[in-house]
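Reader: I'm new to this one and would like a friendly walk through it. Can we put it on screen and go step by step?

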Amino acid sequence: MTDVATERHDAAQPAGETTDAAASARLNRVMMERDLASASLGMIVERDDPGHAVVSMRVRDDMTNGFAITHGGLVFTLADTAFAIACNEDHRVTVAAGADITFLKSTVAGQTLTATAVRRTRSGRTGLYDVTVVDEQGDAVAEFRGRSITTDRTI
């Protein structure tokens, strides 16, 4: 586990070997080093593979709403960060074209949430990704579906 703003999990790579996974990892590392929002929330990238990402976040007191439960916008932000990592699979910048979330269970300060993003389909410049957010017990907290669009920009 590593801090989202400074490092990420690297799959074992033989010295000098370049793969799509390695290129994706480099792109995502640059993207996450610049992601001050995710860093300020204490997000940790657990896994970063093309089309698949896992990101966790411990809920702090200042992340709760007026009912003392985790603010839905921050659950969305965690899912969105995992989605961003999963959909940036090559040298081209890929961004969200849209996303929806369904909240299934509330959480409170002190709990750790984990978002797992998985590519469902990618065709041309568009993609569809599902993200499940769970608590430390493995109970589903939210289901997120993101739609991506790949731009002509590169990092």
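Reader: Is Arg-122 buried, partly exposed or exposed?

Author: Before we start, keep in mind that this is a predicted model. Buried means under 20% relative accessible area and exposed means over 50%. Arg-122 has a relative accessible area of 29%, which lies in between, so Arg-122 is partly exposed.

Reader: Which residue does Glu-89 form a salt bridge with?

Author: Glu-89 sits in the loop between helix 3 (72–87) and strand 4 (92–103), and its partner is in strand 5 (residues 112–123), 33 residues apart. This pair links distant parts of the chain. With the closest N and O atoms 3.4 Å apart, the partner of Glu-89 is Arg-122.

Reader: And is Glu-89 itself buried or exposed?

Author: The limit for buried is under 20% relative accessible area. Glu-89 comes in at 8%, so Glu-89 counts as buried.

Reader: How far apart are the closest N and O atoms of Asp-90 and Arg-92?

Author: Asp-90 is buried, at 17% relative accessible area, while Arg-92 is partly exposed at 25%. Side chains of opposite charge can pair when their charged atoms come close. Here the two form a salt bridge, and the distance between the closest N and O atoms is 3.0 Å.

Reader: Which residues are linked in a network of salt bridges?

Author: The structure holds 11 salt bridges. We've already met the pair Glu-89 and Arg-122, and also Asp-90 with Arg-92. These four belong to a network that has Arg-119 in it too, so to speak: the linked residues are Glu-89, Asp-90, Arg-92, Arg-119 and Arg-122.

Reader: Which residue meets Arg-120 in a salt bridge?

Author: Arg-120 is in strand 5, and its partner lies in strand 6 (residues 126–134), 10 residues apart. That partner counts as buried, with 16% relative accessibility. The N to O distance is 2.8 Å, and the residue is Asp-130.

Reader: Moving to the inside, which element gives the most to the largest nonpolar core?

Author: That core has 28 residues, and among those touching the most other members are Val-55, Leu-78 and Ile-85. Several elements each supply at least two residues, including helix 1 (20–33), strand 3 (52–58) and strand 7 (140–154). The top giver, with nine residues, is helix 3.

Reader: Which residues does Val-131 touch, leaving out those up to four places away in sequence?

Author: Val-131 is one of the core residues that touch the most other members. Leaving out residues up to four places away in sequence, its contacts are Ala-79, Ala-82, Phe-83, Ala-115, Thr-116, Ala-117, Ala-142, Glu-143 and Phe-144.

Reader: What volume does the largest pocket have?

Author: Rolling a probe the size of a water molecule over the atoms shows where empty space is left. The lining of the largest pocket has nine nonpolar, two polar and two charged residues. The volume of this pocket is about 170 Å³.

Reader: Which of the lining residues are the closest to the centre of the largest pocket?

Author: Helix 1, helix 3 and strand 4 are the elements that give two or more residues to the lining. Of the 13 lining residues, the closest to the centre are Met-31, Ala-84, Asn-88, Thr-94 and Val-95.

Reader: Last one: in what order do the elements run from the N terminus on?

Author: The chain has three helices and seven strands. Of its 155 residues, 39% count as buried. From the N terminus on, the order is β-α-α-β-β-α-β-β-β-β.

Definitions and conventions. Residues numbered from 1 in each chain as written. Predicted model: local features only at pLDDT ≥ 70, side-chain atom pairs only at ≥ 80, totals over all residues. Heavy atoms only, no water. Salt bridge = Lys/Arg side-chain N within 4 Å of Asp/Glu carboxyl O. Helix = DSSP H or I, 4+ residues; strand = E, 2+ residues; numbered from the N terminus. Buried < 20%, exposed > 50% of the residue type's maximum accessible area, 1.4 Å probe, protein only. Core = buried A, V, L, I, M, F, W, Y, C linked by side-chain atoms within 4.5 Å. Contact = heavy atoms within 4.5 Å. 1 Å grid on protein atoms, 1.4 Å probe; cavity = no way out; pocket = protein on both sides within 12 Å on 5 of 7 lines; lining within 4 Å. Points joined across faces, edges and corners; volume = space filled by probe spheres on them. Nonpolar A, V, L, I, M, F, W, Y, C, P; charged D, E, K, R; others polar.
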